[in-house]
Amino acid sequence: MRVQSLTLVLASAALLAPTTSPAPSAAPAAPAPPGEGAVSAAALLDRVRDCAPVSPGRYRADAGARADIPVCGTGDAVFWKADMDIDCDGRAGRHCNSRTDPYFSPHTAYQQSDGRALDSETLPHIVVPVPSDRWDHTEHGVRGGTVAAVVYRDRVQYAVVGDRGPRDLIGEASYATARALGIDPDPRHGGTASGVTYILFKDTVARPIESHAEAVREGERRAKAFVRR
């Protein structure tokens, strides 16, 4: 609403207001918890407090940083705690294109069921490092479409493995993932330096990969079982 219009509305309301005090309004309803599904961020984070490393090597959060991030594992998931860089690769859109992202690529490692690249603006997905002597995700039940729970502060966002990145870096997710978690999704200056936990459920794949509803359904099913163990 324009400022001038708002001023006129307020002035008219003051002239028509009753001289008696209005009855007190009911207390506003508590806001719905952020994130997706019934499994809380706290419950998932409690489950991954301890790390049993499954990666022979360790990863860097950014180029030039120390390689001190292990991939940890349980019987039914692998996880790591890192930063979040923004992946804008795939189908070009308003926010993800060669003008907004100097490293933009029209390709993703995994494709939709129709053969097109994934849409990083609309599909929550994460990036895994290419297999190497540091760690080979394919040996741990992780592949394109594997369902993940991404946790940041008090939010949980379900996503799929949608792309692969450098062999020595970890901690990257799509524009849509960042936006849903309340992280700045700008591919140039966005992301966050720490505080993101990536939990990948072994041998759990969303089909088709581009169906976020399927990722949520499978992710919540696995998350409920994960926190009960």
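The following turns cover confidence and strand pairing in a predicted model.

Residues are numbered from 1 along each chain as its sequence is written. As the model is predicted, local features need pLDDT of at least 70, side-chain atom pairs count only at pLDDT 80 or more, and totals for chains, interfaces and linings use all residues, while side-chain values use heavy atoms and leave out hydrogens and water.

User: What is the mean pLDDT of the chain?
Analyst: pLDDT is the predictor's confidence in each residue, from 0 to 100. In this chain 85% of the residues reach 70 or more. The mean pLDDT of the chain is 88.

User: Over which residues does pLDDT stay under 50?
Analyst: Where pLDDT is low, the predicted coordinates should not be read in detail. The stretch in question has one contact (heavy atoms within 4.5 Å) beyond four places in sequence. pLDDT stays under 50 over residues 1-33.

User: How many residues of strand 2 are buried?
Analyst: Strands are DSSP runs of E, at least two residues, numbered from the N terminus. Buried means under 20% relative accessible area, with a 1.4 Å probe and protein chains only. Strand 2 covers residues 77-87 and is mostly covered; of its 11 residues, the buried ones number nine.

User: Which residue of strand 6 is the bridge partner of Ile-86?
Analyst: Two strands pair if DSSP finds at least two bridges between them. Strand 2 and strand 6 (residues 172-174) run parallel, joined by three bridges. The partner of Ile-86 in strand 6 is Ala-173.

User: Which residue in strand 7 stands opposite Ala-82?
Analyst: Strand 7 (residues 192-205) runs antiparallel to strand 2, with seven bridges between them. Opposite Ala-82 stands Val-196.

Technical notes. Buried means under 20% relative accessible area, exposed over 50%, partly exposed in between (1.4 Å probe, protein chains only). Helices (H or I, at least four residues) and strands (E, at least two) are DSSP runs, numbered from the N terminus.
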